[in-house]
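Student: I've got this model open and would like a close look at one of its parts, starting with a single residue in a loop. Please take me through it slowly, and then carry on from there.

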Amino acid sequence: MKLFGSMKVIDNTLHIGGVSSVELVEKYGTPLYVMDEALIRDNCRRYAEAFKIKENNNKVIYAGKAFLTLAMCKIINEEGLNLDVVSGGELYTAYKSGFPMENIYFHGNNKTPEEIEMAINFNIGNFVVDNFYEIDKINELAIKHNKVQKVLLRITPGIEAHTHEYIKTGSIDSKFGFTMLNNKTLSAVKRVIGYSNLELVGLHCHIGSQIFSIEPYLDEVELMLNLIKSIKEETGYTIKELNLGGGFGIYYKEGDEPKKIEDFCSCILEKAKQTSLNLKMDMPTLIIEPGRSMVGNAGITLYTIGSIKNIPNVKKYASINGGMTDNIRPALYQAEYECAIANRVDSYWKEVVSISGKCCESGDILLKDVELPEMYSGDILAVFSTGAYGYSMSNNYNKIPRAAVVSVMDGKSKVMCRRETYEDVISREILD
Ligand SMILES: *Cc1c(COP(=O)(O)O)cnc(C)c1O
């Protein structure tokens, strides 16, 4: 079990942000997402420093899909970072938080005309354009609103990276972006340049998520800088920004060995410098888009243990009052986590149990065969590193209200998002 940021064990009780988890549970109930604000801010600062956003005018864009609330947008803005959104809903969240619209990048492989128009009305900074349909649509709507819209083109570089391995030509088959086959990328560039109401500022690519090795990123840098050079040669057009996407891996469980933020960033910057020197070209503004690595380790989820069931010689199950509604990752892709009994962290005697969620799905098992001290109904289970893709993927299956989110820092807690009520759950339904 690894503790991050401000997490500490005091008197056998887990504390986070200077607040006892037991007190948090008494005050806010469970399930409860708890975000360590100091750790989020520290990650923002480390990325900003390591990727030289002041020194070299590079940019760090937080990928909002990992975890986005009004208060989170405010933190990202206060830390001087940009924001990427992938839907009208995320854009609306940023807008309502007062986030500067010029610092937004709008992603997604099928932005609807309504979303595009909304973004243009909000004067957002950049679209990351995914396909030919979007090039035409954004230009058409930019003409309608008498604007020149800045865009980047999303390229599928044919590099697919998983946690431990990567394939260099394996991901040409992707729903995202322009393929580099058959000169499609060049056709897209030419189409954008030819449109009066679009301004092509950059290229974008994103090669996967929860990636530990640096090599796929270095290959990506090389490939994309070569592409920028060939675009210059073929069209005379200078691409000013190169966005390398996100996907930097984090620690979830033993065996996960992520690189330090500083090392990741310096390797990428150094490779870009060397490659552009070799290619005799000016280095574009470099951009990265971390999501998970900004917030993942900063979050924990607290649950209350309910029923405990022992199937003799088979397995022991302990059930929590949440599950795939607040954390769908184990059911969706066998994600694994570390956990602890928050009100009795250290205990000599441990046993193997599985933690089941309360949804009517036999696949709703949050943790399989983990070692925990003997548990009693009413104990508090803490699951670590749930800050990314937990709340953002939460849902109302079985009409279970969504959990509350609180942030903690310097001994104080604040509600980022209140718990849903049953009234909220049925609020859009109509009884004829
Ligand atoms: C999901 C995503 C990210 C962030 O990925 P993480 O693994 O959370 O760092 C960045 N850019 C794009 C385009 C994405 O789709």
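Tutor: Start with Asn 12, which sits in the loop between strand S1 (8-10) and strand S2 (13-16). Keep in mind that this is a predicted model. Now look at the backbone: Asn 12 has a positive phi of about 70°, even though it isn't a glycine. How exposed is Asn 12? Its relative accessible area is 28%, so Asn 12 counts as partly exposed, since that label covers whatever falls between under 20% (buried) and over 50% (exposed).

Let's move on to another loop residue, Tyr 389. Tyr 389 isn't a glycine either, and its phi is positive too, at about 60°. You'll find Tyr 389 in the loop between strand S21 (380-384) and strand S22 (404-409). Is Tyr 389 buried or exposed? With a relative accessible area of 9%, Tyr 389 is buried.

There's one more loop to visit, the one between helix H1 (21-28) and strand S4 (32-36), and that's where Pro 31 lies. Check the peptide bond that runs from Thr 30 to Pro 31: it is cis, with omega near -10°.

Next, pick out strand S9, which covers residues 149-156, and find Gln 149 in it. Gln 149 has a relative accessible area of 4%, so Gln 149 is buried. What does Gln 149 touch, if you skip residues up to four places away in sequence? Its contacts include Ile 120, Ile 124, Gly 125, Asn 126 and Phe 127, and also Ile 138, Ala 142, Asn 197, Leu 198 and Glu 199. One of these partners deserves a zoom: the side chain of Gln 149 reaches the backbone oxygen of Ile 124 at 3.4 Å. And if you follow the chain 51 residues from Gln 149 to Leu 200, you end up with their C-alpha atoms separated by 8.5 Å.

Now for Lys 137, a residue of helix H6, which spans residues 132-144. Its relative accessibility is 18%, so Lys 137 counts as buried, because the cut-off for that label is under 20%. Once you leave aside neighbours within four places in sequence, Lys 137 is in contact with Pro 113 and Ile 116.

From here, go to helix H9 (residues 261-278) and helix H8 (residues 215-235), whose axes come within 9 Å and cross at roughly 30°. Why do H8 and H9 count as roughly parallel? Angles under 35 degrees get that label, and therefore H8 and H9 are roughly parallel to each other. The handedness of the crossing of H8 and H9 is right-handed. On the H8 side, the contact is made by Tyr 217, Leu 218, Val 221, Glu 222 and Leu 225. On the H9 side you have Phe 264, Cys 267, Ile 268, Lys 271, Ala 272, Thr 275 and Ser 276. Sort the residues of this H8 and H9 contact by class and you get 8 nonpolar, 2 polar and 2 charged.

Pause on Ala 272, which has its place in H9. At 0% relative accessibility, Ala 272 counts as buried. Not counting residues up to four places away in sequence, Ala 272 touches Val 221, Leu 225, Met 283 and Leu 286. Two of the names there, Val 221 and Leu 225, you have already met on the H8 side of the contact. As for Asp 256, it is 16 residues from Ala 272 along the chain, and their C-alpha atoms are separated by 27 Å.

H9 also packs with helix H2 (residues 37-50), at an angle of about 25° and with the axes 9 Å apart. H2 and H9 are therefore roughly parallel to each other, and H2 passes H9 in a right-handed crossing. Here Asn 43, Arg 46, Tyr 47 and Ala 50 in H2 meet Ile 261, Glu 262, Cys 265 and Leu 269 in H9. By class, this contact of H2 with H9 has 5 nonpolar, 1 polar and 2 charged residues.

Last stop: Glu 423, in helix H12 (residues 422-426). Glu 423 has 57% relative accessibility, so Glu 423 counts as exposed. Glu 423 and Gly 291 are 132 residues apart in sequence and, C-alpha to C-alpha, 32 Å apart in space.

Methods:
Residues are numbered from 1 along each chain as its sequence is written. This is a predicted model: local features need pLDDT of at least 70, side-chain atom pairs count only at pLDDT 80 or more; totals for chains, interfaces and linings use all residues. Side-chain values use heavy atoms; hydrogens and water are left out. Axes are lines fitted to C-alpha atoms, for helices over the stretch in contact, and angles run from 0 to 180 degrees between N-to-C directions. Helices (H or I, at least four residues) and strands (E, at least two) are DSSP runs, numbered from the N terminus. Angles under 35 degrees count as roughly parallel, over 145 as roughly antiparallel, 65 to 115 as roughly perpendicular and the rest as oblique. A crossing is left-handed if the near helix is turned anticlockwise from the far one by less than a right angle, and right-handed if clockwise. Contact means heavy atoms within 4.5 Å. Ala, Val, Leu, Ile, Met, Phe, Trp, Tyr, Cys and Pro count as nonpolar, Asp, Glu, Lys and Arg as charged, and the others, Gly among them, as polar. Buried means under 20% relative accessible area, exposed over 50%, partly exposed in between (1.4 Å probe, protein chains only). A polar contact is a pair of N or O atoms within 3.5 Å; within protein, one must be able to donate a hydrogen and the other to accept it, and residues adjacent in sequence count only if both atoms are side-chain atoms.
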